[in-house]
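Subject: The structure we talked about

Hi,

Here is the structure I promised to send over. Have a look at it first, and then read on for what turned up when I went through it.

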Amino acid sequence: IIEPDFVAGLSWAKGYYNSVHGAICVEWEKKEKEIILQIEIPVNVRAVVRIAGQEEVFGSGRYQIHHAV
């Protein structure tokens, strides 16, 4: 489960986790009226992304998600 915490005072965050299938990368940045979340999921892995109580499942690949604030 990827559930970023958009902490007040931070304008961006970036991190990764080395799973047995490869690196799971997550990065987000606050813009004026939106948050841009970029994720990278390794082959043969699925991830649940949870933002503001809403969930979506993503398969392997790179994604860019825009979330209004």
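How many bridges pair strand 1 and strand 2, and in which sense do they run? The two strands pair over 8 bridges, in the antiparallel sense. Please keep in mind throughout that this is a predicted model.

**The sheet**

Strand 1 and strand 2 make a hairpin, with 2 residues between them. Across this pairing, Ser19 stands opposite Gly22 of strand 2. A hairpin is also formed by strand 2 and strand 3, here with 3 residues in between. These two strands pair over 6 bridges, again in the antiparallel sense. If you want landmarks on screen, Val26 stands opposite Ile39 in strand 3, and Lys30 stands opposite Ile35 in strand 3.

Putting the strands together gives an open sheet of 4 strands in the order 1-2-3-6, with antiparallel pairing. Its edges are strand 1 and strand 6, each of which pairs on one side only. From one strand to the next, the twist averages 10°.

**The nonpolar core**

Which residues of the largest nonpolar core touch the most other members? This core has 14 residues, and the ones with the most such contacts are Ile2, Leu37, Ile39, Ile41, Val49 and Ile65. Strand 2, strand 3 and strand 4 each supply at least two residues of the core. Strand 3 gives the most, with 4 residues.

Ile41 is a good residue to click on. Setting aside its neighbours within four places in sequence, Ile41 is in contact with Ile2, Ile24, Arg46, Ala47, Gly59, Ser60 and Gly61.

**Aromatic pairs**

A search of the whole structure finds 2 aromatic pairs. One of them joins Phe6 and Trp28 in an edge-to-face arrangement, with 5.0 Å from centre to centre and 90° between the planes. This pair links distant parts of the chain: Phe6 is in the segment before strand 1 (12–19), Trp28 is in strand 2 (residues 22–30), and the two are 22 residues apart.

Are the two partners buried or exposed? Trp28 has a relative accessibility of 5% and counts as buried, because the cut-off for buried is under 20%. Phe6 has a relative accessible area of 22%, so Phe6 is classed as partly exposed.

**Salt bridges**

How many salt bridges does the structure hold? There are 4, and I will take you through some of them.

The side chains of Arg50 and Glu3 meet at 3.1 Å, N to O. Arg50 lies in strand 4 (residues 47–51) and Glu3 in the segment before strand 1, so this salt bridge ties together parts that are 47 residues apart in sequence. Both partners are partly exposed: Arg50 has a relative accessible area of 23%, and Glu3 is at 49% relative accessibility.

Another salt bridge brings together the side chains of Arg62 and Glu40, at 3.5 Å from N to O. This pair also links distant parts of the chain, with Arg62 in strand 6 (residues 61–68), Glu40 in strand 3 (residues 34–41) and their positions 22 residues apart. Arg62 is exposed, with a relative accessible area of 68%, whereas Glu40 is partly exposed at 29%. There is a network as well: salt bridges that share partners join Glu3, Arg50 and Glu55.

Glu29 forms a salt bridge with Lys31, and their closest N and O atoms are 3.5 Å apart. Glu29 is partly exposed, with a relative accessible area of 37%.

**A closer look at Lys31**

Where does Lys31 sit? Lys31 is in the loop between strand 2 and strand 3. Its relative accessible area of 43% makes Lys31 partly exposed. To place Lys31 against the core, take Val49, one of the core residues that touch the most other members. Lys31 and Val49 are 18 residues apart in sequence and 20 Å apart in space, C-alpha to C-alpha.

Happy browsing, and all the best!

Notes: Residues are numbered from 1 along each chain as its sequence is written. This is a predicted model: local features need pLDDT of at least 70, side-chain atom pairs count only at pLDDT 80 or more; totals for chains, interfaces and linings use all residues. Side-chain values use heavy atoms; hydrogens and water are left out. Rings of Phe, Tyr and Trp (its six-membered ring) pair if their centres lie within 6.5 Å; planes under 30 degrees apart count as stacked, over 60 as edge-to-face and the rest as tilted. Buried means under 20% relative accessible area, exposed over 50%, partly exposed in between (1.4 Å probe, protein chains only). Two strands pair if DSSP finds at least two bridges between them. Axes are lines fitted to C-alpha atoms, for helices over the stretch in contact, and angles run from 0 to 180 degrees between N-to-C directions. A nonpolar core is a set of buried Ala, Val, Leu, Ile, Met, Phe, Trp, Tyr and Cys residues joined through side-chain atoms within 4.5 Å. Contact means heavy atoms within 4.5 Å.
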